[in-house]
Amino acid sequence: MARKADESAGGAPVGRRAVLGMLGAGAAALATAPYLQRGWEGALAKASQVDATGLTGLLPSPGGFRYYSIVGSVPRKDETNYELRIDGLVDRPRTYSLADLRALPRTRVVHDVLCTDGWRVENTPFDGVKLADLLDAAGVRPEGKAIRFTCFDGAYSESLTLEQARRSDVMVALNMQDKPISHEHGGPVRLYVAPMYFYKSAKWLSGISVTDKVVPGYWEERGYAVDGWLDGEDRRGGQAV
């Protein structure tokens, strides 16, 4: 995602010196002990949630991803309390638990992840449930034209047209890089839209609502393209690999 959070969204800001100190200590630990990668990722994500300076957004994690948040804290969800609600213009609204989603047929897509900031993580595998399968199970009504996504951080939202949502490379993702998606990466469940910039892949996904028109998401309301296509993508394709 391309830019740092809306500071008005919440969380107490910390001083520039404190953030630099935290980042410096984390970077030193990373250089000397690769096995501390997960700890560094967690520390960086935590710092980003209270960093009013934006400095954390400038540093990549060991995996190449960068961390952005727009609220002071995000609740943690797991098997005990995660739910994904599908509703709106559908015949069969339903709420899925994490176990429900894991029991469904899965698809896997390997694609580069690109941010509008310019950073890229190449050949990143995601797997999860095709969004089209969930929409078919819900029974989209004829007047349904678009999808609005909401997130349990209480702030993020996103949108796709119904045609985009039905692509085979758009999924409700459960794994990234062949591991369960961590809280820091938007887990346990996030949207993954392979042919678009990464801000379209909403983190901490909790709601999928079918609407009669596209409702711009959080970043689109701040100037980002509603259709965040990557250059060179086949806008009519979308085959999983």
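# A tour of side-chain contacts

Select cysteine 115 to begin: with a relative accessibility of 4%, this residue counts as buried. The model is a predicted one. Cysteine 151 is the next stop, and this residue is buried too, at a relative accessible area of 7%. Disulfides number zero in the structure.

**Aspartate 112**

Go to strand 3, residues 107-114, and pick out aspartate 112 there. Is this side chain buried or exposed? Aspartate 112 counts as buried, at 19% relative accessibility; the cut-off for buried is under 20%. Now show arginine 120: its side chain makes a polar contact of 2.7 Å with that of aspartate 112. Add asparagine 123, whose backbone nitrogen lies 2.7 Å from a polar atom of the aspartate 112 side chain. Leaving aside residues up to four places away in sequence, aspartate 112 touches Arg120, Val121, Glu122, Asn123 and Tyr192.

**Salt bridges**

How many salt bridges does the structure hold? There are 12. Select arginine 76 and glutamate 184, which form one with the closest N and O atoms 3.2 Å apart. Arginine 76 sits in the loop between helix 2 (37-48) and strand 1 (83-88), and glutamate 184 in the loop between strand 8 (179-180) and strand 9 (190-193), so the pair ties together parts that are 108 residues apart in sequence. Arginine 76 counts as exposed at 55% relative accessibility, while glutamate 184 is buried with a relative accessible area of 18%.

Move to arginine 85 and aspartate 87, another salt bridge, where the closest N and O atoms are 3.8 Å apart. Arginine 85 is partly exposed, at a relative accessible area of 35%, and aspartate 87 counts as partly exposed at 26%.

Then select glutamate 220 and lysine 200, whose closest N and O atoms are 3.9 Å apart in a salt bridge. Glutamate 220 lies in the segment after strand 10 (205-211) and lysine 200 in the loop between strand 9 and strand 10, so this pair ties together parts that are 20 residues apart in sequence. Glutamate 220 is buried, with a relative accessible area of 8%; lysine 200 counts as buried at 0% relative accessibility. Add Glu158 to the selection: salt bridges with shared partners join Glu158, Lys200 and Glu220 into one network.

**Aromatic rings**

The structure holds 10 aromatic pairs. Select tyrosine 82 and phenylalanine 152 for an edge-to-face pair, 6.2 Å centre to centre with 70 degrees between the planes. The pair links distant parts of the chain, 70 residues apart: tyrosine 82 is in the loop between helix 2 and strand 1, and phenylalanine 152 in the loop between strand 5 (146-151) and strand 6 (157-161). Both tyrosine 82 and phenylalanine 152 are buried.

Next come tyrosine 156 and tryptophan 204, a tilted pair at 6.0 Å centre to centre and 45 degrees between the planes. Tyrosine 156 is in the loop between strand 5 and strand 6 and tryptophan 204 in the loop between strand 9 and strand 10, so the pair ties together parts that are 48 residues apart in sequence. Tyrosine 156 counts as buried at 4% relative accessibility, and tryptophan 204 is buried with a relative accessible area of 2%. Widen the selection to Tyr156, Tyr199, Trp204, Tyr218, Trp219 and Tyr224, which form one aromatic cluster.

**Charges over rings**

Which residue lies over the face of tyrosine 218? Arginine 222 does, at 3.7 Å from the ring centre. Finish at phenylalanine 152, where lysine 77 lies over the face of the ring, 5.7 Å from its centre.

Terms used:
Residues numbered from 1 in each chain as written. Predicted model: local features only at pLDDT ≥ 70, side-chain atom pairs only at ≥ 80, totals over all residues. Heavy atoms only, no water. Salt bridge = Lys/Arg side-chain N within 4 Å of Asp/Glu carboxyl O. Helix = DSSP H or I, 4+ residues; strand = E, 2+ residues; numbered from the N terminus. Buried < 20%, exposed > 50% of the residue type's maximum accessible area, 1.4 Å probe, protein only. Disulfide = S-S within 2.5 Å. Polar contact = N/O pair within 3.5 Å; in protein donor to acceptor, adjacent residues only side chain to side chain. Contact = heavy atoms within 4.5 Å. Phe/Tyr/Trp six-rings, centres within 6.5 Å; stacked < 30°, edge-to-face > 60°. Lys NZ or Arg CZ within 6 Å of the ring centre and 35° of its normal.
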